[in-house]
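Student: I have a chain open on my screen and would like to talk it through with you. Could we start with the overall picture and then go into some details?

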Amino acid sequence: MHHPIPSSEHTRIKALDSLDVLDTPAEQRFDRFTRLAAMTFGVPVALVSLVDEHRQWFKSRCGLAESEMPRSIAFCSHAVAQGDLLVVEDAARDPRFAANPLVAGAPHVRFYAGQPLFSDGQPVGTLCIVDYAPRSFGDAQQQALRDLADLVEVELNHVKLATARLMAEQALKALNTELEQRVAARTAELERKLAELSQEIAHRKEIEVSLQHSVDWNRTIIASSWNGFVGADADGRVVEWNASAERIFGWPRAQALGRSLTELLVPHAYRARHEAGMRRCIETGDGPVLNRRIELPALTASGRQIMVEMTISFYEWKGKRCFGAFMNDISEQIRTRQQLEEKQELLDAVLDSIDVGVVTCDAVGNLSLFNRAARTIVGRELKTIVPAEWSAYYAMYHVDGRTPLAMDEVPLVRALKGETIRDEAMVIAQDGSAVHTLLVSGRPLRGASGRPLGAVVAMKDITEANASRAQLEINERRLRAITENLPALIGKVNAAGRFVFLNGHALNVHRRTADELLGQDMACAYRPEDYATLSPYIGLAMSGQRVFFEYMSRSSGQELHYQCCLVPQHTSGGEPDGFYAMAFDITERKMSELRLAESEERLRTITDNLPVLIAHLDSERRYVFANAVHQSWLGKPAGQIIGKTMEEAFGADYLAPQAAALEQAWRGHASQCEHEIVRKKHTRIAHTTFLPQLRDGLVVGVYVLTTDATASRMHERSLHALAHTDTLTGLPNRRHFENALKGAQRAGRAGRGSALLYLDVDHFKQINDRYGHAVGDAVLVEFARRLSVAVRSSDLVSRLAGDEFTVLLHDVAGEADVELVARKILAAMRAPFELEAVVLQVGTSIGAALADQPDPVPARLLDAADRALYAAKEAGRNTFAMLRLGRSQALGLALAHD
């Protein structure tokens, strides 16, 4: 048969091949969509179809055995060529498909609806549904099919996108490694160049004494300088251009000489200001940038903009004023400095630990922190994986515990995208481990400038309260470790200010050997600005005074802090004779003080933003800490709570339900309780944990952590309702019925009996086979409605399964009561069932079991009702039959035909 070929067929086939999914095994992630489509639209067949060059192949199929079929007879080929939803309500009446062997012969397809699936902008297949009977397909159903197809399309392209993202991250890591290597190589090169430059400067000073006025000497220095040298005359044209300038800017000397310095090196945005400054220097002989080290942007021969460090000098040559500038490319140094600053900001933003599960990632999605509680909850250690794999690796599910979270549903991914999450429920269910139901809150992390640093989520395990004592001990050990193992630098300086001894740590800090420093003046070991800072203290020590002070220096961009002590040495005559120097590295202490302050600020920020009441009571049972949540939950800010007891702050009614558990904590035992917090007509179910603070075996305080358990309790009630209700009809289900039947055995009254009615919808299988499951479901819903109306409100109507229903009657006086109920039910079913698509006459068969005794055995009552139902069906259906417990024959058979 003819099938349409899109104009972009070659591109479409290429997009299909790039998915790498043809002829792969079935996958649950696609099968769930075909099952959902079949159930949603009430059709026997639902497919995820991929249209190849000569065939259509099914990645997922529900209700169809074949895995592929020729493209020439494929309905989906038409949907792909059309590029939009294709609906065929009756294929036998459609000239495109009437002769199709799938329509003319088995399986006699009559209805088809297919929504194209796209990859790289090309339709590569469809999500389609098929029925063997004609049917209409309204706008709402069409939109529902499109929505399902969108989900399948996302899943189809998911692996491709995740692979591309992983490759990009690996490339970024490789680039970062290469950058670090280049920085290290560049640093080594700069150090080598610095040594060469120092030798060059010494050489220049020696030459200057003998060749002060020699032009050749000047040119030699310029030509051999590692720094680029550029000279310009009063008109701003280049008159000197050394080899280093050629290397830095890419212009050969011959091409640079005589050209305008502005056009050659100055970016467009700076040219007007540059020329104005040159004119001012020519006119006045002075300027703000002369003889100073400055950093400015400059252009290379390729048009690339770089940053250069330069020193500009002004001189006269042959009666004319000229400029000379030594320049060096510092672009790589600036980029390195920026990257180090970004990494430092990220480290400062990461939370160390709190009393709930905390997970953080950086701005590009790399997991960076799992605290103890998080590892306990997820059952795994931190692993460097892409966000697309977080859900599967850490077993994240929706609250039903079965549906995995998609990548964009993972709270940490949502927070990383800028979303703030508060108290959202999810489940962690690792194989072989306990299932944890969590309430998750999260938010993005930003630096002081507002720049994104990553994201953080806090997970509260609402299946079991988390103890915080272990986390507190970890924090205390970490704080003690900061103050231990402080290193010291030791040296001896003689009266001439020269080193005579340096220990190994001091040599390491100065990055010199003993041969290089011993016997040398102190000044050679320090940068000029550092030595200028130390000189006043050195002078005091040289004069015989003992000196204590703190000193900060920079090494490789890092601040180093020292606590210094200079102890003078005296001759036998009491004259100062140099000094001993001891410097203790207190960098860690300084950094720890800064981090501690930041940690306290972060802890306050975290506790104020966590949806938890956090407080601390001292030994006098008064508040010494209360987070900001007390304001929103209880209407009092922390300032009005601190220093008061719980009763003084919130009243006796607030304390009463917690008093017993609080007393347990004051006796040294962790305790919990649940109570209600009522404010502004809003009731909150609170779960409070009291943790004693012990010191030398005595309780010196109590930590109070109160979480909002309202959502979890409502969730438990919702789960209970779902477990005991039939989702189609809204009636109690089999579990509810069986529990009620056991209750009936215990609740019977003397002199009154119980009765059980079993009901079937007559010929229900024929209705399903002829009109489809959607009509069958509609019949069951209407049947349930009429059945509920026909009985008393105290009677229990249940749906067991399929078309099986029961009615449990209480306080029955005898057979007449049961017969009256049965006839009311038969009468309720006589009116035609006017459904949306069809009008049907529906009957029912009823089997009734009557127990005169007040405590019937459930199994016997069930068996009697089942036998009575069988007798009613044998009698011709649309009837009822009744059996009394203890008798083997029916007492009466009543027919209820119209």
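Student: To begin with, how many of the residues in the chain are buried, as a percentage?

Tutor: Bear in mind that this is a predicted model. Of the 898 residues in the chain, 43% are buried.

Student: And how many helices and strands are there?

Tutor: The chain has 29 helices and 35 strands. As for how they come together, if you take the contacts with a separation of 6 or more, 51% of them are accounted for by residues 24 or more positions apart.

Student: Let's look for internal holes. How many cavities of 30 Å³ or more does the structure hold?

Tutor: There are four cavities of 30 Å³ or more. The largest has a volume of about 150 Å³, and the second largest has a volume of about 120 Å³.

Student: What lines the largest one?

Tutor: Its lining consists of 15 residues, and those nearest the centre of the cavity are Val359, Met396, Leu412, Val457 and Met459. At least two lining residues come from each of β13 (367-370), α14 (411-416), β15 (421-428) and β17 (452-461).

Student: How does that lining divide into nonpolar, polar and charged?

Tutor: For the largest cavity, 15 lining residues are nonpolar, with no polar and no charged residues.

Student: And how does the lining of the second largest cavity divide?

Tutor: There you find seven nonpolar, two polar and three charged residues. The lining residues include Asp423, Lys460 and Asp708, along with Ser441 and Thr707. Strands β16 (436-446), β17 and β27 (698-708) each supply at least two residues, and β16 gives the most, with three.

Student: Since β27 has come up, what can you tell me about Thr706, and is it buried or exposed?

Tutor: Thr706 sits in strand β27 and is buried, because its relative accessible area is 2%, which falls under the 20% cut-off. Leaving aside residues up to four places away in sequence, Thr706 touches Val612, Leu613, Trp633, Ala686, His687 and Thr688. You can also find Gln672, 34 residues from Thr706 along the chain, with the two C-alpha atoms separated by 9.5 Å.

Student: New topic, helix α18. What end-to-end distance should it span, and what does the model give?

Tutor: Helix α18 has 15 residues, from 528 to 542, so at 1.5 Å a residue it should span 21 Å, and its end C-alpha atoms are 19 Å apart, which agrees.

Student: Where does α18 have a kink?

Tutor: The kink in α18 is at Ser535, shortly before the proline Pro536, and amounts to about 40°. Just after the helix, Gly544 takes a positive phi of about 105°.

Student: Which residues of α18 are buried, and what covers them?

Tutor: The buried residues are Asp530, Leu534, Ile538 and Ala541. In an α-helix there are 3.6 residues a turn, so residues three or four places apart point the same way. Among the elements that cover the buried residues of α18 are β20 (547-555), β21 (558-570) and β22 (576-585).

Student: Moving towards the N terminus, which residues does Gln115 touch, not counting residues up to four places away in sequence?

Tutor: Gln115 touches Asp84, Leu85, Gly125, Thr126, Leu127, Leu145, Arg146 and Ala149 on that basis. Gln115 belongs to strand β5 (residues 111-119), and it counts as buried because its relative accessible area is 9%, under the 20% cut-off.

Student: Where is there a cis peptide bond?

Tutor: A cis peptide bond joins Ala106 and Pro107, with omega at about 10°. Pro107 lies in the loop between α4 (101-104) and β5.

Student: Last one: which residues have a positive phi although they are not glycines?

Tutor: Among them are His763, with a phi of about 55°, and Arg877, with a phi of about 65°. His763 is in the loop between β28 (753-761) and α26 (764-771), while Arg877 is in the loop between α29 (858-874) and β34 (879-884).

Student: Why do His763 and Arg877 count as partly exposed?

Tutor: His763 counts as partly exposed because its relative accessibility is 42%, and Arg877 because its relative accessibility is 28%; the partly exposed class lies between the 20% and 50% cut-offs.

Methods
Residues are numbered from 1 along each chain as its sequence is written. This is a predicted model: local features need pLDDT of at least 70, side-chain atom pairs count only at pLDDT 80 or more; totals for chains, interfaces and linings use all residues. Side-chain values use heavy atoms; hydrogens and water are left out. On a 1 Å grid over the protein atoms alone, a cavity is a set of points where a 1.4 Å probe fits but cannot get out, and a pocket is an open set with protein on both sides within 12 Å along at least five of seven lines; lining residues have an atom within 4 Å of a point. Grid points are joined across faces, edges and corners, and a volume is the space filled by probe spheres set on the points. Helices (H or I, at least four residues) and strands (E, at least two) are DSSP runs, numbered from the N terminus. Ala, Val, Leu, Ile, Met, Phe, Trp, Tyr, Cys and Pro count as nonpolar, Asp, Glu, Lys and Arg as charged, and the others, Gly among them, as polar. The expected span of a helix is 1.5 Å times one less than its number of residues. The bend at a residue is the angle between axes fitted to the seven residues ending there and the seven starting there. Buried means under 20% relative accessible area, exposed over 50%, partly exposed in between (1.4 Å probe, protein chains only). Contact means heavy atoms within 4.5 Å.
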